[in-house]
Amino acid sequence: MDQVNPMANSVRDNLPLAPGAVLPEQPARTFSLRAVLPFALTLVALLFLILLFNIYQNAAADTPSLQESTLGQLGIWMAERSGEADPPSLLGQFARNQALAQGLDRLEPSAIVMAMRAGLVVFIGLLILANAVGLVGLLIQTSWARTPLVLALIGLDLLIFIVPPLENESTAALPILGALALSVALLAVRAQASKLVGFVVLVSSVILVWEGLKAFGTLTNHQIALPQPGWNAQVYPSLEDALTAVQDGSVPAAILDENEVEDSIATDPVGDLDPAALPYPDLRILTALETRTTIAGLPIAPGFPGRLVVVTRADSVDRWQSISELVGQPIATYEGAFSLDRFLALPRNLVLVDLKITNDLNMPHLQTIAESLLQPARRNGDLLLVRILADAGVFTWTEAALGFVSGALLGFLLGTLFAHSGLLERGLLPFVVASQTVPILAIAPMVVIWLGAGPASVAVISMYLTFFPVTINTLRGLTSPNPMAIELMQSYAASRWTTLWKLRFPAALPYIFTALKVSATASVVGAIIGELPSGIRGGLGGAILNFNQYYTSDPTKLWAAIFIAALVGIFFFLLVTAVERVVLGRRVQAL
């Protein structure tokens, strides 16, 4: 960033000039597009925050954007717990104490929701202040302008987890658009970004991509498609009228529910039923009809429901080979029929890209995941899901830490042996590598059978995933010193032990810590996988297995468990990173 240094101006003004000498004029401060863009985007983010502030400032307790928010639903739950004599949760105890302090049997939900609203309004106000300070910093081109903008971006990301996405409301779009504007603004500032800025923008980008995919999927009805010719449905008053129309040749076929016609019409080929003994002897149900329709390998939606069948005259059975041949033909059905409402009346589209992964079942909104964390795991439960998953995370981390330490020690021992013995390296290293080609899901049940269901078997499974990277990196690190340095140690008559601890081990530390950071996250994965066959219910593995059973009815709890598992892995990674900084920092100081 080109800036005019005031100190330089002062020195320049006081320099002695030779007679007739003229100093060149300093270049005027100019505003390029890259300088204006961060300011404009920050101003846009500020406007979005002001709009959001105004919405919640004027919100009543029953306003959907407040009542359905993460904090609003938490407040309603706290009001319910305030009527209990001894709530087991901390928030429930806080609500109970507030009710007793006010002389009430229980708190009104509207009162807590409005208290949540007040806190949310204050929070948004602080974000407006941080955004405004950053805006001023950009205007005067200071080096600290990014700091308040980073804080504002973090706050906007948090608001995405709080503001509910409601139909026919745009409130949830405000923090998303504000976070998008601030993310681009931080990247557009010409000064070099720090690691913290890059990390915050990266996390914000993941959140924005998630919600952007959700919005795009909703806008396109979860598919990118080309319209196709629709069905020519002939709607009759009743089922009997529709079948009569097919029988007398008014329409070539009918599409009906199989349960409604299987006792009245014979199938083709004819089964055990005698067509002459049935109410409609001249009709047949086509069982060999190809019902899947594609064009160039791309499917046409909606697909033919499995409960529907095609009914045609017996003398027209050979005429129809595929359901696609019936498109454009008059097709009989009747009013209120499943075939009409769920198939024939729907528009037909050639699906170019299927975006069903963005629906609420496969990819819930981040706000709904956050809301599930701050709600009881079961209806009217006493403990919040976040409390249950936090306890499960601590339990799983304990098992992972035990496996991590065991695997690290085993890996270091093997790496040290291989570094000092070429024979052992050539003989055993291929088996170490081969051990990682066996799927952990195949190993886990055998370990549980051998050692029994318990934390010990889970730790062994975690160790199995941990020791390999430590072994390879330890071997690489111990053999990394310069051969001249090793010869120098030998010239001093240093023993192998002395050379190991004075030369090889210090040189191997960066390699070892790199492996430990990889193994830290792998150990958490191993612990979760190990909990599944062992039947342990107190860890994250049991929680994931339990919530997976209810995924189709409530996917948010499974996503919440996955989110907590990711946090456990990140925490373990950061813990190893902190130890690395301490150890390697002391090593650098010693050198």
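Here is a walk through this predicted model, from the whole chain down to single residues.

Let us begin with the overall build. The protein chain has 21 helices and ten strands. Its C-alpha trace spans about 110 × 75 × 70 Å along the principal axes. The radius of gyration is 34 Å, whereas a compact globule of 591 residues would have one near 25 Å. Buried residues make up 42% of the 591 residues. If you look at contacts with a separation of 6 or more, 75% of them are between residues 24 or more positions apart. On the outside, the protein chain exposes about 31200 Å², and carbon and sulfur atoms supply 64% of that area.

A good place to zoom in is helix H6, which covers residues 109-139. At 1.5 Å a residue, its 31 residues should span 45 Å, and the end C-alpha atoms are indeed 45 Å apart, so the expected and modelled spans agree. Leu-126 lies in this helix and counts as exposed because its relative accessibility is 52%, with the cut-off for exposed being over 50%. Leu-126 also belongs to a nonpolar surface patch of about 750 Å², made together with Val-122, Leu-129, Val-133, Val-136, Leu-139, Ile-140 and Trp-144.

Just after H6 comes Gln-141, with a positive phi of about 60°, although Gln-141 is not a glycine. Gln-141 sits in the loop between H6 and helix H7 (146-160). Is Gln-141 buried or exposed? At 7% relative accessibility, Gln-141 counts as buried.

Now compare Leu-126 with another leucine. Leu-66 is found in helix H3 (residues 64-67), and with a relative accessible area of 1% Leu-66 is buried. Which residues does Leu-66 touch, leaving aside its neighbours within four places in sequence? Leu-66 is in contact with Tyr-56, Ala-59, Ala-60, Ala-61, Gly-72, Val-113, Met-114 and Arg-117. One of these partners, Tyr-56, is ten residues away from Leu-66 along the chain, and their C-alpha atoms are separated by 7.2 Å.

Helix H9 (residues 195-219) is the next stop. H9 has 25 residues and reaches 35 Å from its first C-alpha to its last, close to the 36 Å expected at 1.5 Å a residue. Its buried residues include Val-197, Ile-207, Trp-210, Glu-211 and Lys-214. H9 is followed by Asn-221, whose phi is positive, near 60°. His-222, another residue other than glycine, has a positive phi near 65°. His-222 lies in the loop between H9 and strand S1 (223-228), and is partly exposed, with a relative accessible area of 21%.

What about charges? Side chains of opposite charge can pair when their charged atoms come close. The structure holds eight salt bridges. One of them brings us back to H9: Lys-214 pairs with Asp-360, and the closest N and O atoms are 2.5 Å apart. Because Lys-214 lies in helix H9 and Asp-360 in the loop between strand S10 (348-354) and helix H13 (366-373), the pair ties together parts that are 146 residues apart in sequence. The two partners sit in contrasting surroundings: Lys-214 is buried, with a relative accessible area of 1%, while Asp-360 is exposed at 51%.

A second salt bridge joins the side chains of Lys-517 and Glu-580, at 3.1 Å from N to O. Lys-517 lies in helix H19 (residues 496-534) and Glu-580 in helix H21 (residues 556-590), so this pair ties together parts 63 residues apart in sequence. Lys-517 is buried, with a relative accessible area of 19%, and Glu-580 is buried, with 14%.

In a further salt bridge, the side chains of Lys-557 and Asp-554 meet at 2.6 Å, N to O. Lys-557 is buried, with a relative accessible area of 17%, whereas Asp-554 counts as partly exposed at 23% relative accessibility. Elsewhere, salt bridges that share partners join Glu-80, Arg-81 and Glu-84 into one network.

One last backbone detail is worth a look. The peptide bond from Ala-301 to Pro-302 is cis, with omega near 0°. Pro-302 is placed in the loop between strand S7 (298-301) and strand S8 (308-313).

Definitions and conventions. Residues numbered from 1 in each chain as written. Predicted model: local features only at pLDDT ≥ 70, side-chain atom pairs only at ≥ 80, totals over all residues. Heavy atoms only, no water. Patch = residues over 30% accessible without salt bridge, like charges linked within 9 Å, V, L, I, M, F, W, Y side chains within 5 Å. Areas by Shrake-Rupley, 256 points an atom, 1.4 Å probe, with all protein chains shown as cover. Salt bridge = Lys/Arg side-chain N within 4 Å of Asp/Glu carboxyl O. Helix = DSSP H or I, 4+ residues; strand = E, 2+ residues; numbered from the N terminus. Buried < 20%, exposed > 50% of the residue type's maximum accessible area, 1.4 Å probe, protein only. Contact = heavy atoms within 4.5 Å. Rg over C-alpha atoms; globule rule 2.2 N^0.38 Å. Expected span 1.5 Å × (residues − 1).
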